Amino acid sequence: MTIMPSHIRFTNDKCEALYGYWRSLSKDGGMPRWADFDPLHIPRLLPNILVLEAEPDDGFLIRLAGTECVDFYGRELRGQSLDSLVTEESRQELREHMRRVLEGPSAAVTLMQSPIEGMAGTGLSYTLEAAALPMAGEDGGIHRILAALFVIEAPPSAPPIGPDAGAWRRFIQERQYIGV
């Protein structure tokens, strides 16, 4: 379900804090600029951060990945394509979503479920909240996304998505966009 609210509802306080910080970077209601982003202002959120850069082929390159994201996927993410994180059947939808964030431009928050592979029949899954926040470059163009992934709920002893699992399946429960 996609919603275009006048404000965003959050499940996770860290996701809400990241959105608040991103909004605080806006000068005179304009697009927050990458040059104004200062990680020292959000130390408790850095482990959940992903910095994505748009590529000419409509894909996205992961420029930076926080330790929580690396642990969740069980591998280094820096330099990898965002496509490598999801199943082939999810790639087009993910690219369209990220393009909407850039071209809207729109901030987006997504609530999703991700079943734990290799534990068939258990019904165990992660509940995740993800943010995608566009950032303007020095030229005024929007080519970067400040993204984050927050685990809302994980089964006890849940394994990371991990390199053996490869890409992961996700089921969108709710997606909210708000124009910038």
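Select Phe37 first: Phe37 is buried, with a relative accessible area of 13%. Buried here means under 20% relative accessible area, exposed means over 50%, and partly exposed lies in between, with a 1.4 Å probe and protein chains only. The model is predicted, so local features need pLDDT of at least 70 and side-chain atom pairs count only at pLDDT 80 or more, while totals for chains, interfaces and linings use all residues. Residues are numbered from 1 along each chain as its sequence is written, and side-chain values use heavy atoms, with hydrogens and water left out.

**Aromatic rings**

The whole structure has six aromatic pairs. Rings of Phe, Tyr and Trp (its six-membered ring) pair if their centres lie within 6.5 Å; planes under 30 degrees apart count as stacked, over 60 as edge-to-face and the rest as tilted. Add Trp34 to the selection: Trp34 and Phe37 form a stacked pair, 5.1 Å centre to centre with 20° between the planes. Trp34 is partly exposed, at 24% relative accessible area.

Next select Phe10 and Tyr19. Their ring centres are 5.5 Å apart and their planes are at 50°, so this pair is tilted. Tyr19 is buried, with a relative accessible area of 12%. Include Trp22 as well, since ring pairs link Phe10, Tyr19 and Trp22 into a cluster.

Then show Arg100 and Tyr177. The charged end of Arg100 sits over the ring of Tyr177, 3.7 Å from its centre. The criterion is NZ of Lys or CZ of Arg within 6 Å of the ring centre and within 35 degrees of the ring normal.

**Salt bridges**

Nine salt bridges are present in the structure. Each is a side-chain nitrogen of Lys or Arg within 4 Å of a carboxyl oxygen of Asp or Glu.

Select Glu174 and Arg9, which form a salt bridge with the closest N and O atoms 2.4 Å apart. Glu174 is in strand 7 (residues 171-179) and Arg9 in the loop between strand 1 (2-3) and helix 1 (13-24), so the pair ties together parts that are 165 residues apart in sequence. Helices (H or I, at least four residues) and strands (E, at least two) are DSSP runs, numbered from the N terminus. Glu174 is buried at 19% relative accessible area, whereas Arg9 is partly exposed at 40%.

Move to Asp58 and Arg99, whose side chains meet in a salt bridge of 3.4 Å, N to O. This pair links distant parts of the chain, 41 residues apart: Asp58 is in the loop between strand 2 (49-54) and strand 3 (60-65), and Arg99 is in helix 3 (residues 88-103). Asp58 is partly exposed, with a relative accessible area of 40%, and Arg99 is buried, with 17%.

Now select Lys27, Arg33, Asp36 and Glu138, which are joined into one network by salt bridges that share partners. Within it, Asp36 bridges to Lys27, with the closest N and O atoms 2.9 Å apart. Lys27 is exposed, with a relative accessible area of 52%.

**The largest pocket**

Finish at the largest pocket, which holds about 190 Å³ of space. Its lining includes Asn12, Lys14, Cys69, Phe72 and Tyr126. Helix 2 (67-73) and strand 6 (142-153) are the elements that give two or more residues to the lining. Helix 2 gives the most, with four residues.

A pocket is an open set of points on a 1 Å grid over the protein atoms alone, with protein on both sides within 12 Å along at least five of seven lines; lining residues have an atom within 4 Å of a point. Grid points are joined across faces, edges and corners, and the volume is the space filled by probe spheres set on the points.

Key
1 Å grid on protein atoms, 1.4 Å probe; cavity = no way out; pocket = protein on both sides within 12 Å on 5 of 7 lines; lining within 4 Å.
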